[in-house]
Amino acid sequence: MSGKSNRDRGKAKRIVQEQLARERRRRVTLWTSLGVVAVLVIAGLIGWGFAASQENEKTAGLTTPSVAVDEGTAFAVGTGPVKIDIYEDFMCPACGQFEASAQTTIDQLVADGKVTVLYHPIAILDHASTTEYSTRSAGASAAAAQGGKFAEYHRVLFANQPQEGGPGLDNGKLIELGRSVGLTDASFADAVNEGTYYPWATKATDTAASRGVNSTPTVRVGGKDLTDRTPQGLTAAVEAAGA
């Protein structure tokens, strides 16, 4: 009896020891998992904070022109039922070519009351000049819009488009072009010289990127990308959209 009793006590002791071991492993696993989750959460918060600080730095001092539409990132021309979104960079040669070929057609569609054109000046080609001309010219166009002359200034900017790789037009020339279309108020010149709308240009560019715009010109008719950017292709797309 004494031998059996000893074996029973030994067996019970092993069972207890195994249970304690399993409990220790469970606790180790639990705390390890909680530690990993905590590290991921902290890393995420740090990353979010870094991204937010960068975004805040880029758009610090943001001034949105009061006449801007579409989340404050575009300027409307016309009042027709079909919407045309045009994303352009004033340094972009292809944008200049599109404007040269399609402007007359766009003007006619606007005059006929068929379209509302939303112009989105963006700055994706700052690297193509030595003075971040894309941002400077987009900011100047916003100042022109605030002065009631966006369409006229937009046109004269493309008519005087500088070549890629150089400094672009200096602020004096941007102001001179503004005067040529009637922007004689000092507030326009001040906005150009002080870069009042540079953060706005960054905001407009970021908004365009969030909408899948990764090149210029990007033209959308009724929300659909226009692949045939000839005058005929544009007219056909507008008609198909219901004008």
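Helices H4 and H5 are oblique to each other in this predicted model. Two packed helices are described by the angle between their axes and the distance between the axes. For H4, which spans residues 150–159, and H5, which spans residues 171–180, the axes come within 9 Å and cross at roughly 130 degrees. That angle lies outside the range of 65 to 115 degrees for a roughly perpendicular pair and is not over 145 degrees, the cut-off for a roughly antiparallel one, so the pair counts as oblique. The crossing of H4 and H5 is right-handed. On the H4 side, the contact is made by Tyr153, Val156 and Leu157, while H5 contributes Leu174, Leu177, Gly178 and Ser180. Sorted by class, the residues in this contact comprise five nonpolar and two polar ones, with no charged residue taking part.

It is helpful to place this helix pair in the chain as a whole. The protein chain holds eight helices and five strands, arranged along the sequence in the pattern α-β-β-α-β-α-α-α-α-α-β-β-α. Among contacts in the protein chain with a separation of 6 or more, 76% join residues 24 or more positions apart. Of the chain's 243 residues, 40% count as buried.

Two cysteines deserve a closer look in this respect. Cys92 has a relative accessible area of 4% and is buried, and Cys95, at 0% relative accessibility, counts as buried too. Both values fall under the 20% cut-off for burial. As for cysteine pairing, a search of the whole structure finds zero disulfides.

Terms used. Residues numbered from 1 in each chain as written. Predicted model: local features only at pLDDT ≥ 70, side-chain atom pairs only at ≥ 80, totals over all residues. Heavy atoms only, no water. Axes fitted to C-alpha atoms, helices over the stretch in contact; angles between N-to-C directions. Helix = DSSP H or I, 4+ residues; strand = E, 2+ residues; numbered from the N terminus. Parallel < 35°, antiparallel > 145°, perpendicular 65-115°, else oblique. Left-handed = near helix turned anticlockwise from the far one by under 90°. Contact = heavy atoms within 4.5 Å. Nonpolar A, V, L, I, M, F, W, Y, C, P; charged D, E, K, R; others polar. Disulfide = S-S within 2.5 Å. Buried < 20%, exposed > 50% of the residue type's maximum accessible area, 1.4 Å probe, protein only.
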